[in-house]
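Trainee: Please take one part of this structure and go through it closely. After that, I would like to hear how the rest of the chain is arranged.

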Amino acid sequence: MMISLDNQTDPELFLTSHNESVYRMTGRRPLALIHSFGCQQNVSDGERLMGRLAKVGYGFTKDPEEASLIIYNTCAVRENAEDRVYGNLGDLKALKERKPELVIGICGCMAQQKHVADKIKGSYRQVDLVFGTFAYNELYRLLYEVIANKKRVFEQSEKPTDIDEEFVQLRENKFQAFVPIMYGCNNFCTYCIVPYVRGRERSRVPGSVISEVRQLVSEGYKEITLLGQNVNSYSYGFPQLLRDINAIEGDFRIRFMSSHPKDASDELLDTILGCEKVCKSLHLPLQAGSDRILKAMNRSYDTEKYLKIVDYIRRRAPEFSLTTDIIVGFPGETYEEFCMTKDIIRQVKYDNIYSFVYSRRSGTPAAKLEDSISDKQKGLWLRELLLEQRNTSSEWLQRFVGKTARVLAEGEGRTGAGYLTGKNDEGIIVEFEGDISLKGQFVNVNITKAMNWALMGEIADK
Ligand code: 5AD
Ligand code: SF4
């Protein structure tokens, strides 16, 4: 099965003919397992990698035993995400011993860091390939080095890369699509590793985003989620992009993630409220409720500015849904300061919060700060926060009871056999009795009950 080729060979051609010869000899295409950890941006990057692999003849599997290529697309935002990846890599050691021709790689935010690459080089000999977020466009060359030249390859350099607008994203979901509009982050919040592992902000050109969305809608996609670390600093103007996408004909809805409060302008809020396809929900990471902590985090807004945004929206759309991210136990945060976060949660009334205990990320400014509260204590604060949120949100969810919601049916529900789950325009989970054939369609549902995690309802008569 080995093909000998010289170094001049085009990597894409090499991989294509290598995979074809596997197919000829075994009757099966070689299979790749791509597993993405972390945020939606990562899931989207994973779909792009799959698009590239499909182009050179790989099929896909979720079973490591069947795979001839395994790539973990990793997240570095918190330590426990990194620990999971090390654990999974450790588990692959025995498989690699049994199948030495298996290629194992890791990529993404964790793999961009030099200290991670060094650790893998020394202690995880089963890994053949470690490449960071700047090297996706070079996937063929990197795989060529591993497969044809039998090298272990480590690629962590941070280089200016053009956005490849021609990329093919291989989407498993046929009615909900992630569409990246920008990469990187310029904000340097003091706790966050993202600007170091994803580099400076780069925006895709609007024409290319718009034609991608138009194509997806014509294929029947019903929900388009625009992605960026901070979509509000999309360099060609985010409100205009929303208006242009809203003007595309078809029955679909638009979501986006994430928005930084420091530049959530009135124009953006008016655009969200005025565009009928844009969902009436906003993920607006607060991070902390104390102005002193926000300053130490380098968030560039205070609670007054944050609450003004909330007030502006809720005056015009009282049922508007807000969700947020919270970090508990930033270095130096006192219990009193933590309680200010709870106060804001009570005041704003979020439909959901994503809350995390602060995780020290080496290389970030906050990593050098003194931190006297134990993780155990912070864990207790986190529980307190979640309790506060549950009490607030179960009451707040009642606003939908007795009304009709437009729900995009996503699949079988948690409630039991015969139930479907989906989300309303505000992004809240709705469960209702219905046939699985409705999956991927908008359904009108009369909301009968609010639980603390979801709304329950019945399909409205057509
Ligand atoms: N520790 C804990 N949470 C973090 N986040 C980012 N960096 C850290 C960290 N070092 C959280 C923030 C961000 C979300 C994506 O992850 O709340 O909004
Ligand atoms: Fe990290 Fe702040 Fe950038 Fe978000 S805005 S990715 S929290 S640095």
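Mentor: Start with lysine 150, which sits in the loop between helix 6 and strand 6. Bear in mind that this is a predicted model. Lysine 150 is not a glycine, yet its phi is positive, at about 55°. Is lysine 150 buried or exposed? Its relative accessibility is 64%, and exposed means over 50%, so lysine 150 counts as exposed.

Now step back from the loop to helix 6, residues 139-147. Of the 9 residues in helix 6, 8 are buried, so the helix is mostly covered. The buried residues are Leu139, Tyr140, Leu142, Leu143, Tyr144, Glu145, Val146 and Ile147. Most of these names will look familiar from a list of nonpolar side chains, and there is a general tendency to go with that. In soluble globular proteins, nonpolar side chains tend to be buried together.

What do the buried residues of helix 6 pack against? Two helices are involved, helix 1 and helix 2 (40-55). The strands packed against them are strand 3 (69-74), strand 4 (103-108), strand 5 (129-131) and strand 6 (153-155). Strand 6 therefore appears twice in this account: it bounds the loop that holds lysine 150, and it is packed against by buried residues of helix 6.

Take helix 1 next. How do helix 1 and helix 6 pack? The angle is about 60°, and the axes are 8 Å apart. Angles under 35 degrees count as roughly parallel and those from 65 to 115 as roughly perpendicular, so helix 1 and helix 6 are oblique to each other. Their crossing is left-handed. On the side of helix 1, the contact is made by Pro11, Glu12, Phe14, Leu15 and His18. Helix 6 supplies Tyr140, Arg141, Leu143, Tyr144 and Ile147. Look at the spacing of the numbers in these two lists with a general rule in mind. An α-helix has 3.6 residues a turn, so residues three or four places apart point the same way.

One residue of that contact deserves its own look. Proline 11 belongs to helix 1, which covers residues 11-26. Leaving aside residues up to four places away in sequence, proline 11 touches Tyr140, Arg141 and Tyr144. Its C-alpha atom is 9.2 Å from that of leucine 139, although the two residues are 128 apart along the chain.

The whole chain is divided into four stretches: domain 1 (11-155), domain 2 (173-279), domain 3 (282-399) and domain 4 (401-459). The centres of domain 1 and domain 2, taken over C-alpha atoms, are separated by 28 Å. Contact between these two domains involves 14 residues of domain 1 and 15 residues of domain 2.

Which loop holds phenylalanine 188? It is the loop between strand 8 and helix 7. Like lysine 150, phenylalanine 188 is not a glycine, and it has a positive phi, of about 50°. Its relative accessible area is 29%, which makes it partly exposed. Cysteine 192 is in the loop between strand 8 (182-183) and helix 7 (194-198) as well. At 18%, cysteine 192 is buried, because buried means under 20% relative accessible area. In sequence cysteine 192 is 171 residues from glycine 363, but their C-alpha atoms are 9.3 Å apart in space.

Finally, consider the core. The largest nonpolar core has 65 residues, and Leu226, Phe238 and Ile245 have the most contacts inside it. Domain 2 and domain 3 both give residues to this core, so it lies between them. Another core lies apart from it, with 27 residues, including Leu33, Phe37, Ile106 and Ile193.

Isoleucine 245 also takes part in a helix contact. Helix 8 (residues 206-218) and helix 9 (residues 238-246) pack at about 30°, with their axes 10 Å apart. They are therefore roughly parallel, and their crossing is right-handed. Pro206, Val209, Ile210 and Val213 of helix 8 meet Leu241, Asp244 and Ile245 of helix 9.

Conventions: Residues are numbered from 1 along each chain as its sequence is written. Chains are lettered from A and ligands numbered from 1 in the order in which they are written. This is a predicted model: local features need pLDDT of at least 70, side-chain atom pairs count only at pLDDT 80 or more; totals for chains, interfaces and linings use all residues. Side-chain values use heavy atoms; hydrogens and water are left out. A nonpolar core is a set of buried Ala, Val, Leu, Ile, Met, Phe, Trp, Tyr and Cys residues joined through side-chain atoms within 4.5 Å. Buried means under 20% relative accessible area, exposed over 50%, partly exposed in between (1.4 Å probe, protein chains only). Domain bounds come from an automatic or database domain assignment. Axes are lines fitted to C-alpha atoms, for helices over the stretch in contact, and angles run from 0 to 180 degrees between N-to-C directions. Helices (H or I, at least four residues) and strands (E, at least two) are DSSP runs, numbered from the N terminus. Angles under 35 degrees count as roughly parallel, over 145 as roughly antiparallel, 65 to 115 as roughly perpendicular and the rest as oblique. A crossing is left-handed if the near helix is turned anticlockwise from the far one by less than a right angle, and right-handed if clockwise. Contact means heavy atoms within 4.5 Å.
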